[in-house]
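Q: Please take a close look at one part of this structure and explain how that part sits within the whole. A formal account for a reader new to the structure would be welcome.

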Amino acid sequence: DEEGPFEPFDYVASGSEDGMVYVWHRRHGQLLRRLVGGHSDAVNAVAWHKQVPGILVSGSDDFTMGVWGPRSLCKRDGSA
């Protein structure tokens with residue numbers, strides 16, 4: 001079945017000790033994207049924007065926040 005690109009209710013985002021943000025398909029349990037280049041330390045907070053589908057925010061122990069949009073989520077070089 002066809003699904004829209006990165007609707008928050010279809011996907012789960014997680015942060016990691018390796019400084020990456022990962023996006024998983026909720027129903028299939030498949031890793032879809034590894035978002036690279038945003039953080040240099042552990043990512044300990046991630047949240048989908050409540051009003052704008054496809055926008056993801058991450059927070060890290062490196063004292064930075066990342067804002068990820070549809071281009072980041074669909075890039076081939078960040079593929080899992």
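A: Two strands count as paired if DSSP finds at least two bridges between them. With that in mind, the residue to follow is Ser60, which is the bridge partner, in β5, of Val43. The model is a predicted one, and the account below begins with the chain before turning to this pair.

The chain contains one helix and six strands. Read from the N terminus, its elements follow the order β-β-β-β-β-β-α. Of its 80 residues, 38% count as buried. The exposed surface of the chain comes to about 5,100 Å², and carbon and sulfur atoms supply 54% of that area. Among contacts with a separation of 6 or more, 36% are between residues 24 or more positions apart.

The pair belongs to an open sheet of three strands, arranged in the order β4-β5-β6 with antiparallel pairing. β4 and β6 (65-68) are at the edges and have a single partner strand each, so one side of each is left without a neighbour in the sheet. On average, and with direction ignored, neighbouring strands of this sheet are turned by 15 degrees against each other. Five bridges connect β4 and β5, which pair in the antiparallel sense. In general, strands of a sheet pair through backbone hydrogen bonds, in either a parallel or an antiparallel manner.

Ser60 itself lies in strand β5, which covers residues 56-60. Is Ser60 buried or exposed? Its relative accessible area is 10%, and Ser60 is therefore buried, since the cut-off for a buried residue is under 20%. The side chain of Ser60 has two polar neighbours to consider. A polar atom of this side chain lies 2.9 Å from the backbone oxygen of Ala42. The side chain of Ser60 also makes a polar contact with the side chain of Asp62, at 3.0 Å. With neighbours within four places in sequence left aside, Ser60 is in contact with His39, Asp41, Ala42, Val43 and Asn44.

On the other side of the bridge, Val43 has contacts of its own. Leaving aside neighbours within four places in sequence, they include Ser58, Gly59 and Ser60, and also Gly15, Ser16, Gly19, Met20 and Val21. Val43 is also one of the 10 residues of the largest nonpolar core, together with Tyr11, Ala13, Val21, Val23, Leu32, Leu35, Trp48, Leu56 and Trp68. At least two residues of this core come from each of β1, β2, β3 and β4 (43-48). As a general tendency in soluble globular proteins, nonpolar side chains are buried together.

Several of the strands named for the core form another open sheet, with three strands in the order β1-β2-β3 and antiparallel pairing. Here β1 (11-15) and β3 (31-35) are at the edges with a single partner strand each, so one side of each is left without a neighbour in the sheet. The twist from one strand to the next averages 20 degrees. Strand β2 (residues 21-25) runs antiparallel to β3 and is joined to β3 by four bridges. Within that pairing, Val23 has Arg33 as its bridge partner in β3.

One further residue completes the view around β5. Phe63 is placed in the loop between β5 and β6. Phe63 is exposed, with a relative accessible area of 81%. Its phi is near 70 degrees, a positive value in a residue other than glycine. Most residues other than glycine have a negative phi.

Key. Residues numbered from 1 in each chain as written. Heavy atoms only, no water. Axes fitted to C-alpha atoms, helices over the stretch in contact; angles between N-to-C directions. Core = buried A, V, L, I, M, F, W, Y, C linked by side-chain atoms within 4.5 Å. Buried < 20%, exposed > 50% of the residue type's maximum accessible area, 1.4 Å probe, protein only. Contact = heavy atoms within 4.5 Å. Polar contact = N/O pair within 3.5 Å; in protein donor to acceptor, adjacent residues only side chain to side chain. Areas by Shrake-Rupley, 256 points an atom, 1.4 Å probe, with all protein chains shown as cover.
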